[in-house]
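Work through the exercises below with the sequence and the model side by side. Try each task on your own before you read its solution.

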Amino acid sequence: ADADADAAPPDADADADASTKHINTCKDDNTIPTDDNAGAAEINRTMLDDTTWDPVKVMDQITTDMIATSSSLKGKTDLVASEAAREAPSTRHVTRLVPLQATCFVALEDIVKTARPLLEKYLISEVKKRQPGGDANGSDDIEGTAGEEKSQPTSFEIVFKHRFNSQVRRDPLIDALAKLIGELKKSHGIDDGALVVDLTNPDFSIQVEIVQNICGMSIVPGGRSYRKFNLVELMEVGRKGPVAGGSSGAGGGNKEK
């Protein structure tokens, strides 16, 4: 009995040391908030700094796979299609898959503060690449055809949806984000005509989703091509035929008319 009692503590101590080491490692890597910098701002900073995880890219890959699977069943017999469908993941319990790259509490000031780094990383940086002298790798481009191509204006829209919350209204939110975008254009030296509003077929959709007291945001390239993130409609896209253009079947910045 004494031998067993003596043998137990070292294992417990080892587990405790391993847990402590793991937590400290996470703190050093900024993967979890510490007591002195906890909060939505720290969590969002970590999300934006992490290049290995982007909810928009994950959503794009999932929807692309769905469209490809659905497209592969086009023209098959009912028996073959039903057998193949049983092997593929079912989405009957998921209606929409909305990516959120940053979150904050529902307050206009917090939303604008959270949107600033998000817009700089995913929208303003893309606009700068398309301007004359801009390059995807951050280098200067030579004058000529390449510069003219990149000088084409980048378009965007602001999509606002709220559920179970009426604290933030649509018009004040859009006005605040539009003002912020204007400030970012000025501070980054972007011409007024380089970034324009397009409510019909924009290059980027700025998604603002409010549910109760939480606000989520994301910058989605070719946002309208995702059919409001409705998975059933995206499956229909695959059944009717492939979508041309872009890096994926659903999004990737492809233009739809």
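Of the 257 residues in the protein, 34% are buried, where buried means under 20% relative accessible area, exposed means over 50%, and partly exposed lies in between (1.4 Å probe, protein chains only). The model is a predicted one, in which local features need pLDDT of at least 70 and side-chain atom pairs count only at pLDDT 80 or more, while totals for chains, interfaces and linings use all residues. Residues are numbered from 1 along each chain as its sequence is written, and side-chain values use heavy atoms, with hydrogens and water left out.

**Exercise 1. Describe the secondary structure of the protein and the order of its elements.**

Step 1. Count the elements, taking helices (H or I, at least four residues) and strands (E, at least two) as DSSP runs numbered from the N terminus; the protein has eight helices and five strands.

Step 2. Write the elements down in sequence order, which gives the pattern α-α-α-α-β-α-α-β-α-β-β-β-α.

Step 3. Look at the contacts, meaning heavy atoms within 4.5 Å: among those between residues at least 6 apart in sequence, 71% join residues at least 24 apart.

**Exercise 2. Find the largest nonpolar core and state which elements supply it.**

Step 1. Apply the rule that a nonpolar core is a set of buried Ala, Val, Leu, Ile, Met, Phe, Trp, Tyr and Cys residues joined through side-chain atoms within 4.5 Å. The largest core has 31 residues, and those that touch the most other members are Ile 111, Leu 119, Leu 123, Ile 206, Cys 215, Met 217 and Ile 219.

Step 2. Assign the members to elements: strand E1 (102-105), helix H5 (108-130), strand E2 (154-163), helix H7 (170-187), strand E4 (204-211) and strand E5 (214-221) each supply at least two residues of this core. Helix H5 gives the most, with eight residues.

Step 3. Take Ile 206 as an example and leave out residues up to four places away in sequence; its contacts then include Leu 119, Leu 123, Phe 156, Ile 181 and Ile 219.

Step 4. Note also a second, separate core of six residues, among them Met 66, Ile 67, Leu 231 and Leu 234.

**Exercise 3. Decide how many disulfides the structure has, and examine Cys 104 and Cys 215.**

Step 1. Recall that a disulfide is a covalent bond between the sulfur atoms of two cysteines, and that the test used here asks for a pair of cysteine sulfur atoms within 2.5 Å. A search of the whole structure finds zero disulfides.

Step 2. Check Cys 104, which is in no disulfide and whose nearest cysteine sulfur, that of Cys 215, is 4.5 Å away.

Step 3. Compare the accessibilities: Cys 104 counts as buried because its relative accessibility is 5%, and Cys 215 is buried with a relative accessible area of 0%.

**Exercise 4. Trace salt bridges that link separate parts of the chain.**

Step 1. Use the criterion that a side-chain nitrogen of Lys or Arg lies within 4 Å of a carboxyl oxygen of Asp or Glu; the structure holds six salt bridges.

Step 2. Begin with Glu 183 and Arg 116, whose side chains meet in a salt bridge at 3.3 Å, N to O. Glu 183 is in helix H7 and Arg 116 in helix H5, 67 residues apart.

Step 3. Continue with Arg 224 and Glu 157, whose closest N and O atoms are 2.7 Å apart. Arg 224 lies in the loop between E5 and helix H8 (231-240) and Glu 157 in strand E2, so this pair ties together parts that are 67 residues apart in sequence. Arg 224 is partly exposed at 39% relative accessibility, whereas Glu 157 is buried at 5%.

Step 4. Finish with Glu 209 and Arg 163, which form a salt bridge with closest N and O atoms 2.9 Å apart. Because Glu 209 lies in strand E4 and Arg 163 in strand E2, the pair joins parts that are 46 residues apart in sequence. Glu 209 is buried, with a relative accessible area of 7%, while Arg 163 is partly exposed at 34%.

**Exercise 5. Examine the backbone angle phi at Lys 228 and Phe 229.**

Step 1. Keep in mind that most residues other than glycine have a negative phi.

Step 2. Read off the values: phi of Lys 228 is near 55 degrees, and Phe 229 has a positive phi of about 65 degrees although it is not a glycine.

Step 3. Place the residues: Lys 228 is in the loop between E5 and H8, and Phe 229 also lies in the loop between E5 and H8. Lys 228 counts as exposed because its relative accessibility is 60%, whereas Phe 229 counts as buried at 4%.
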